[in-house]
Protein chains: 2
Amino acid sequence: MKKGSVTIKDVAKKAGVSPSTVSRVISQNPRISKGTADKVLQCMKELGYYPNAVARSLASKKTGTVGVIMPTSSEDIFLNPFFPEVLRGIVKGASQSGYDLLLSTNFEKDEELKVVENFIRSSKVDGIILTYSKVNDQCIEFLCSEDFPFSLIGTPDIHKEKVNHVDNDNFQAAYQGIMDLIAEGRKRIAFLAGDKNLTVTQMRLAGYKEALRENGLSFDENLLYFGNFDEATGNLYGKVIAELEERPDGIIVTDDVIAFALVKSLQEFGIKIPEDIGLVSFNNSILAALANPPLNSVEVNPFKLGEEAMNLVVQAMTKGVRGKRTVIPYEIIYRNSTGT
Amino acid sequence: MKKGSVTIKDVAKKAGVSPSTVSRVISQNPRISKGTADKVLQCMKELGYYPNAVARSLASKKTGTVGVIMPTSSEDIFLNPFFPEVLRGIVKGASQSGYDLLLSTNFEKDEELKVVENFIRSSKVDGIILTYSKVNDQCIEFLCSEDFPFSLIGTPDIHKEKVNHVDNDNFQAAYQGIMDLIAEGRKRIAFLAGDKNLTVTQMRLAGYKEALRENGLSFDENLLYFGNFDEATGNLYGKVIAELEERPDGIIVTDDVIAFALVKSLQEFGIKIPEDIGLVSFNNSILAALANPPLNSVEVNPFKLGEEAMNLVVQAMTKGVRGKRTVIPYEIIYRNSTGT
DNA sequence: CTGAAAGCGCTTACAG
DNA sequence: CTGAAAGCGCTTACAG
């Protein structure tokens, strides 16, 4: 902070009013007469006055900032194009509502809770956005126990009635994806996901199971694969699946990065996509379009997810809204990876 | 902020010391005796005390946070994989040095200066990171005039002796890229960049010119192309170049997203890469590897750029360092797009 | 090694 | 509509 910067007192003196009055014109208190307000405003301008946000925060007990909890940045998931888009949406929401954004700096794994606690306990933020949702998330637990305003991108598996969250209908998206595969005559469909402990994985898994069930297809534990959101996972399971005695004829993959690598890997083993194995993926990143064949992929609108997450914290902070769920429509982008 | 949270006074009372003393143990002042320190620490733990960051900031005139100015988020450049990597590096640096990160929320264009002014004038940050550097940047101008601690990713074209910055040797990288093209017998080499007003563009352009000059190749204004960091730009100039009477036989492109689209576009016009036109690109994103043919691309190490940018602001804030330049090595990743 | 006191720059009942 | 006063929760010379 710059020394000797002009304060509310300087403005008050110059305008011939009390500091209280200056404070009131800053906060646009309607009970100030137009005359004094104009005079004060004029003086503020002449002195180059700028309210000190820190002092304001201390006195008002409001920071005007929202903490954004991103995935641990040492992990691959941070690089998935999904998150920059989410962040863009959050930024848009923030710029509209006038909030600042404090970014989580958890570089190491499993530090999210520490970051959340720190943000709250040391009074750095008025609200929090959790940009992804894990199964049995300690952050959710903590935030709910404090009744601290926050929103979640994804669907919580606990305290659902208390947490504002925005998500796609991932059950339905997976269900529909599987139905498409089945419509093409696929009967033995595998499920490949990035992280078993994300609730999104669980929802999609549920949709997958339901579609199988409705079509009288048996559910096989052995066709469930989990890993990370990276190419390595795709490569790994390409080999695993290629070496299977009884291969699946369809796969649903929860992320394009994985799907892209998977397809390449399968092809190296001489497996043809979509002839031998049909495939649906998620996130509709550029990789889905670039794959050969181009992949059917579910557009989840991460930008809107982020924007809405911001709206939801704001509602939590300003109106005490809790437990509100917003659903962002998904769309399956059809290309050539399912069949026909 | 939670009402009735425990303050330094509560701790002081319980420990039977003065608030000053408690404050000193928080800041680990060495002049406090081990005995009292332990006693106070114990009381803090028992009461669940957590220092209020806002009050600390106000009293100490330090916020412990750094403002990060990202590209306007409504623009494509925000989505370029370069920036998430930069951000990851910044987060790593921040988590090591203990600073918080306040993110710019400039969604609309040309608002960076407003954001910077706001961060500084309202005392929200102790330092600033500019994640990209424009020609004649008003933010740099402002920050220098205030002598406010900041660092820049890229090379400033003004006040170079005052600004801490980290960059690759982009002159050399471009120079070397062109030399490679020339070594393959290319004689008419075009230059395609994303934004003319970034200093990185200017540096690379200079390297390009120098390489031409040294090899006695004439410089042709008409072979300079500028646009945005998006596919549209690549597509556009693919058509433009295809329709040229006298086509280039080599191109240097400052970003893989553009290069990727350009290659596809040129190929649609029956132009063969690298046979007809050799190509070098920058940023070594996944697209460079996926292109057909895979593209030679310059790895610029965005993660390290971000990490070092954080180090540089810290040095600016804590030690008053100014005008320090750090160079991050680049590496040309050779694939099949240049020739042979 | 420790304490009393002033102060950081605001906001906000309270009173008029 | 406006002011005086207390207070937000810390830090930091100053003094001992």
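This passage describes the symmetry, the largest pocket, the cysteines and some backbone features of a predicted two-chain model.

It is helpful to begin with how the two chains sit together. Two copies of a chain are related by a rotation about an axis and a shift along it. Here, a turn of 180° with a shift of 0.0 Å along the axis lays chain A on chain B with an RMSD of 0.1 Å. The pair is thus related as by a two-fold rotation axis. Both copies use the same surface, as 100% of the contact residues of chain A recur in chain B. Within chain A, the residue that comes closest to the rotation axis is Leu102(A), whose C-alpha lies at 2.3 Å.

Attention then turns to empty space. Rolling a probe the size of a water molecule over the atoms shows where such space is left. The largest pocket has a volume of about 1300 Å³, and 39 residues line it. Nearest its centre lie Leu79(A), Pro81(A) and Ile286(A), along with Leu79(B) and Pro81(B). Elements that give two or more residues to this lining are, in chain A, helices H5 (82-97), H12 (286-290) and H13 (302-319), and, in chain B, helices H5 (82-97) and H12 (286-290). By character, the lining of the largest pocket divides into 19 nonpolar, 10 polar and 10 charged residues.

The cysteines can be treated briefly. With a disulfide taken as two cysteine sulfur atoms within 2.5 Å, the count over all chains is 0. For Cys144(A), the nearest cysteine sulfur belongs to Cys139(A) and is 11 Å away. Cys144(A) counts as buried because its relative accessibility is 9%, under the 20% limit. Cys43(B) is likewise buried, with a relative accessible area of 7%.

Finally, the backbone holds some details worth a look. Most residues other than glycine have a negative phi, and most peptide bonds are trans. Two exceptions in phi are found in loops. Ser123(A) has a positive phi near 60° and lies between helix H6 (112-121) and strand S3 (127-130) of chain A; at 8% relative accessibility, Ser123(A) counts as buried. Asn283(B), with a positive phi of about 95°, is placed in the loop between S9 and H12 of chain B, and is buried with a relative accessible area of 14%.

Cis peptide bonds occur in chain B. The bond from Ile273(B) to Pro274(B) is cis, with omega near 5°, and Pro274(B) is found in the loop between helix H11 (256-268) and strand S9 (278-282). The bond from Asn292(B) to Pro293(B) is also cis, with omega near 0°; Pro293(B) lies in the loop between H12 and strand S10 (296-299).

Definitions and conventions
Residues numbered from 1 in each chain as written. Chains lettered and ligands numbered in written order. Predicted model: local features only at pLDDT ≥ 70, side-chain atom pairs only at ≥ 80, totals over all residues. Heavy atoms only, no water. Buried < 20%, exposed > 50% of the residue type's maximum accessible area, 1.4 Å probe, protein only. 1 Å grid on protein atoms, 1.4 Å probe; cavity = no way out; pocket = protein on both sides within 12 Å on 5 of 7 lines; lining within 4 Å. Points joined across faces, edges and corners; volume = space filled by probe spheres on them. Helix = DSSP H or I, 4+ residues; strand = E, 2+ residues; numbered from the N terminus. Nonpolar A, V, L, I, M, F, W, Y, C, P; charged D, E, K, R; others polar. Least-squares fit on C-alpha atoms with pLDDT ≥ 70 in both. Contact = heavy atoms within 4.5 Å.
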